Amino acid sequence: MTQGNNLDFQVGDVLRVSCAPTPARITEVSKSHLSIEWPWGEVDPDSQYGWNGRFALPVEPDGWEWSLFRTEQDPQTLKPHDTCLVGIPETLVRIIDIGHYDPPMDTGRLPRPHTLLIVLPADRPSGEDEGDTIELDSGAPIAIERLS
C-alpha cells in the first residue's frame, strides 16, 4: 500500500515504510549534517518561505537526530558535489503524533502536505528522542504498510 491511499492512521500504529533509492547531489557537508538537492518535490512559488531545494540529513543516521531518509553510502565519506543514492530502507516505525492541515501546510515546497505522521523507530521508546515526519501525498514515493 502506498502513501496516497489515505488510510485512517492512528497514534500507536506500527508501519513498514520504504522509499526506493534515488540519485541526489551533495551540496554541503558539516560535522553533523549533509545537505542534498532534494530529488522529490519542487519549490512552491506561492510560499511565504524561500526553500532552496535542499534537504539536510544527519551524518550520524542512528544518532539522537534520527531520519527516515538515508544515503546508501556512508554519510561520513561524502563531500560536496558527490552524487549519492537517498531513500528509506525498509523500516518499522510507530506513529507518535499526527498533524492534519486544511488548507495544506506551507513548507516552501510542492506538493503542500495535508497530513503529517510523526514517527519513531518501532523499537525506540517515546520520550526525548526526536521523531521524523512522513508527509502523506508528498513528492517522495514512500511506500507505507500498516502492520497494527
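Me: What share of the exposed area of the protein chain do carbon and sulfur atoms supply?
Reply: In this predicted model, local features need pLDDT of at least 70, side-chain atom pairs count only at pLDDT 80 or more, and totals for chains, interfaces and linings use all residues. Residues are numbered from 1 along each chain as its sequence is written, and side-chain values use heavy atoms, with hydrogens and water left out. Accessible area follows the Shrake-Rupley method with a 1.4 Å probe, and for residues only the protein chains shown count as cover. Of the roughly 8,000 Å² that the protein chain exposes, carbon and sulfur atoms supply 49%.

Me: Which radius of gyration does the protein chain have?
Reply: The radius is taken over C-alpha atoms, and the globule rule is 2.2 Å times the number of residues to the power 0.38. For 148 residues a compact globule would have a value near 15 Å, and the protein chain agrees with this at 15 Å.

Me: How many strands does the protein chain have?
Reply: Helices (H or I, at least four residues) and strands (E, at least two) are DSSP runs, numbered from the N terminus. The protein chain has zero helices, and its strands number ten.

Me: Which residue in β6 is the bridge partner of Thr 22?
Reply: Strands pair if DSSP finds at least two bridges between them. Strand β1 (residues 14-29) pairs with strand β6 (residues 83-100) in the antiparallel sense over nine bridges. Strand β5 (residues 70-71) is also antiparallel to β6, with two bridges, and Thr 71 stands opposite Val 86. The β6 partner of Thr 22 is likewise Val 86.
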